[in-house]
There are 2 protein chains.
Amino acid sequence: MNSETQPVLIDGQWREASATGSFQATNPNTREQLPPHFPVSSWQDCDAALAAASAAAVELRKLPRQKIANFLLAFADNLQSAADALVEAAYAETGLAKSPRLADVELPRTVNQLKLAAAAVVNGDWVSPVIDTKAGIRSCYESLGPVCVFGPNNFPFAFNSVAGGDFAAAIAAGNPVIAKANTSHPETTRLLAEQAFAAVESSGLPAATVQLIYRTSHDDGARLVADPRNGATGYTGSRRAGLALKAAADAAGKPIYLELSSVNPVVITPAALKERPEDIVNEFVTSALMGTGQFCTNPGMVVLVAGAESEAFVNAVRERFSTAPAGTLLSPAVADSLSSSVKTLIEAGAERLAGDGSSEPNRCAVSNTLLQCSGQQFLQDPETFQTEAFGNASLFVVADDLDQAAKVIDSLEGNLTGCLYTATDGSDEAAYEQLAFAMTPRVGRLLNDKMPTGVAVSAAMNHGGPYPATGHPGFTAVGIPTSISRFAKLTSYDNVRADRLPCWLADKNPTGSTWRYIDGRWTQADVSN
Amino acid sequence: MNSETQPVLIDGQWREASATGSFQATNPNTREQLPPHFPVSSWQDCDAALAAASAAAVELRKLPRQKIANFLLAFADNLQSAADALVEAAYAETGLAKSPRLADVELPRTVNQLKLAAAAVVNGDWVSPVIDTKAGIRSCYESLGPVCVFGPNNFPFAFNSVAGGDFAAAIAAGNPVIAKANTSHPETTRLLAEQAFAAVESSGLPAATVQLIYRTSHDDGARLVADPRNGATGYTGSRRAGLALKAAADAAGKPIYLELSSVNPVVITPAALKERPEDIVNEFVTSALMGTGQFCTNPGMVVLVAGAESEAFVNAVRERFSTAPAGTLLSPAVADSLSSSVKTLIEAGAERLAGDGSSEPNRCAVSNTLLQCSGQQFLQDPETFQTEAFGNASLFVVADDLDQAAKVIDSLEGNLTGCLYTATDGSDEAAYEQLAFAMTPRVGRLLNDKMPTGVAVSAAMNHGGPYPATGHPGFTAVGIPTSISRFAKLTSYDNVRADRLPCWLADKNPTGSTWRYIDGRWTQADVSN
């Protein structure tokens, strides 16, 4: 092991990893390896983190909720203070634009998520207290133990395993987090963990509330999520790695929330294209190429109906894809995977309208790629044509007619989003109904006249969807307080004496403003005796 | 195949099964086979049921909710009209007392569950509408497609796959049900399905809203729950069969809710025993032997602290167990399984205090069995000592002291319930705290001074718990509206035009009284413009 290899954060100590190897991140703008070495941890590190986390989980249950909220707020403040260094590190490791993306959009979003989580901790908005005074039973959601978080490559801050949405949700529910860094941005993650740990110390939480390892073998990752000491897992990333973790967690009966893959179908009717052709071209191209197409909700597949309007749309997009500069991709692995997915689609019969599919030698980049197939082609092999091409590539599916377009939608797996563009004058409502009927059961979020990128942090947001978009169609990864309940267990208190109840279930409303479902009615009032 | 083999109910027709064999139920009071033959369905029946159910799922989404409510109410009425025949059939197949159990407790409970589900359908209490007017996003829970329900042996009505809690919840969420009968009471299930189907017809629901098969091969069962056309599965039964279904459903990304096994630990402190020894003996014996101990929440394990009080308690219970007549068990399989579990516990070192373990030749019955081990024995092999002995058997674990008792609790798997008996004068609050701290994370429902049998149908009930009690610690199988959300998917409507929204998300409150979370506040009001 390299003597300069970075330490892991276990049980409150930045200590030398028990490592089986090391790795370096790559600067995607140069394809050069970045200097710091990070360890591949052995099971010994996982075991130590699990042991420390279980002890911390017990301690956390004893603490007043305000301490957890204080931690989240202190961490949010720390992130703002460390913004410059964080943005530099993330830029070097991901190639994402420093401004506005990293500094002005993603970091503020991350800070905001932590603050919203802190508010939910204080208000108990995620706890859903239910009180049945007649039966003498009261229930609420509670912490469930250590949570392992595996963050994705495409949001180095906002979905980072040690600062992002899953992290904030798991902590807000009162659980310690064992963060596993995404291997494409370990230095960014290290810096975030430093700020998180400083906040742990300043707010007086158990030292093992936040722990960090960088990488493990696949077997150790599976063993980690299935360990009896683990409570639950949040994972966002590739489908293959996610499914291996899911199999291990499922077999052990451990909840695991995954975001795996999604092509985010968009259907645009001829009437919509006739009405506002330029607007729709602009909206699509902007959404498809934003962040070099590396959003979970990137519109990877557009269903059109054959005809003059669709032809004009295809030509206009082809022109824009061909002339727009290709953005930098997050890593060599993303560039390789994109090239490979495009190849799969072309081998299946898709026609290439833009992009030569080549990967640049001195930068992680693939030319903007636009593919096309017919509805009939798609229906003959829907599995292959649904191959996610993560990055700046989209597939147009041109159906013969609306019925065939609906059949294409009917043949889809679960997706995070589905968009329907129709005429604003309501002249194609029948088409909308048919398409919406096919689309709604297959997506977590249905949009009208709007592209899917941009995932608002709202209580009404569902960043989720049927498998394989996620592992369970009833939960969202974005939106507070809703995302917090993933990392909680439901507990009923039956005939439990008044002075032994969790504060949320006491007769007196603990905050004066927490919403509780008392005898069939949501109220902020105390239980009346 | 026997020419008198009963038909299956598929796509609105009682038709001859595509059968690979047939089976008969056994009268547990005589160990004689009951006359009717029931088919073991081949995959062809499963496939036909899935095809019909997916079509019905689409139709159900188009119907006004009142029709679904009408079905549930009509079914409830039908059950009351058919009460006598149902009670006779269930008595013959399960040996459960006709009165009060079957006629006066379980059937009324089943009727009540259907009525509560109907009310939830009308009021939308399970839908949880969330409206964010600023972001323009609205979300709610919706139907997710056909639901396969596998009912247990111990509640021929209230958890029956074609009439019980999972059935009512799945239908209330707008899903068709493919019911798989429990093989120990097929005739009861057939009669229930007749009433259900009559209600389907009278209320004008799609014919395949309710379908029934009796038995399949294990492979076909696994294929059924994993089929792309299936939406989700509810299973209550043996751990081994449940885990096979879970593995298949998990691999296909299909939600599956299971209730597998639970020993329902009870801890009784010396102070509690000193204070009210007779009451506690009575409560325990009543709870432990009620229904011949065949409740999911039967108190199968009692943790005591060594001393005179515990010794007196043990002796009193031993006396009661030895003199109480042994009730009839549900089936030969239950009797065999109970004998086998008792044997496992004895081989692990448990001492037999009451019961000779023998199974009666002309009746499904095993003498009331009381076993005992020390805390130390338990801690040396917690896995084996947690063997569920489903039926009229309990294990006493006598710990050296309170710390060891807490360690025993700490070593437990997930359970449906956990009970703590302490002194009513509050003199052993420190003991309570220590025990509650260990118990709460491991159970779905924590009780004080009360035995776990008796599962109230309340919005605050959690009939659930960490694995292996169930497959996910966040859901309950009992309690309306909470149990309904298991069979639903979350959908966000983003920028969706007002006239296209589900009624629950319209500006106007669809019932005038549905609780909706609008801009951070639960309210029954309309959205104000």
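Is A:Asn448 buried or exposed? Let's work that out first, then go round the rest of the model.

The model is predicted, so local features need pLDDT of at least 70 and side-chain atom pairs count only at pLDDT 80 or more, while totals for chains, interfaces and linings use all residues. Residues are numbered from 1 along each chain as its sequence is written, chains are lettered from A and ligands numbered from 1 in the order in which they are written, and side-chain values use heavy atoms, with hydrogens and water left out.

**Exercise 1. Place A:Asn448 and list what it touches.**

Step one: find the element. A:Asn448 sits in strand E20 of chain A; strands (E, at least two residues) and helices (H or I, at least four) are DSSP runs, numbered from the N terminus.

Step two: check the accessible area. A:Asn448 has a relative accessible area of 0%, so it is buried. Buried means under 20% relative accessible area, exposed means over 50%, and partly exposed is in between (1.4 Å probe, protein chains only).

Step three: look for contacts, meaning heavy atoms within 4.5 Å. Not counting residues up to four places away in sequence, A:Asn448 touches A:Leu420 and A:Tyr432, and also B:Asp494, B:Asn495, B:Val496, B:Arg497 and B:Arg500.

**Exercise 2. Work out how chain A is related to chain B.**

Step one: recall the general idea. Two copies of a chain are related by a rotation about an axis and a shift along it.

Step two: read off the values. Chain A goes onto chain B with a rotation of 180° and 0.0 Å of shift along the axis, at an RMSD of 0.0 Å. The fit is by least squares on the C-alpha atoms of residues with pLDDT of at least 70 in both copies.

Step three: name the relation. The two copies are thus related as by a two-fold rotation axis.

Step four: check the interface. 100% of the interface residues of chain A are also interface residues in chain B, so the copies meet through the same surface.

**Exercise 3. Describe how helix H2 of chain A packs against helix H5 of chain A.**

Step one: get the geometry. The axes of H2 (residues 65-81) and H5 (residues 165-172) in chain A come within 10 Å and cross at roughly 155°. Axes here are lines fitted to C-alpha atoms, for helices over the stretch in contact, with angles from 0 to 180 degrees between N-to-C directions.

Step two: turn the angle into a word. H2(A) is roughly antiparallel to H5(A), since angles over 145 degrees count as roughly antiparallel, under 35 as roughly parallel, 65 to 115 as roughly perpendicular and the rest as oblique.

Step three: list the side that each helix brings. From H2(A) come A:Ile68, A:Phe71, A:Leu72 and A:Phe75, and they meet A:Phe167, A:Ile171 and A:Ala172 of H5(A).

Step four: sort by class. The contact of H2(A) with H5(A) has seven nonpolar, no polar and no charged residues. (Ala, Val, Leu, Ile, Met, Phe, Trp, Tyr, Cys and Pro count as nonpolar, Asp, Glu, Lys and Arg as charged, and the others, Gly among them, as polar.)

**Exercise 4. Count the disulfides, then check two cysteines.**

Step one: count. There are zero disulfides over all chains, where a disulfide is a pair of cysteine sulfur atoms within 2.5 Å.

Step two: try A:Cys140. Its nearest cysteine sulfur belongs to A:Cys503, 8.4 Å away, and A:Cys140 is in no disulfide. A:Cys140 is buried, at a relative accessible area of 1%.

Step three: try A:Cys148. This one is in no disulfide either, with the sulfur of A:Cys46 the nearest at 8.2 Å. A:Cys148 is buried too, at 0% relative accessible area.

**Exercise 5. Find backbone oddities in the loops.**

Step one: pick out cis peptide bonds. The bond from A:Ile480 to A:Pro481 is cis, with omega near 15°, and A:Pro481 belongs to the loop between strands E20 (443-448) and E21 (488-494) of chain A. In chain B, the bond from B:Tyr467 to B:Pro468 is cis, with omega near 5°.

Step two: pick out positive phi in a residue other than glycine. A:Thr292 has phi near 55°; A:Thr292 is in the loop between helix H10 (277-289) and strand E15 (301-305) of chain A.
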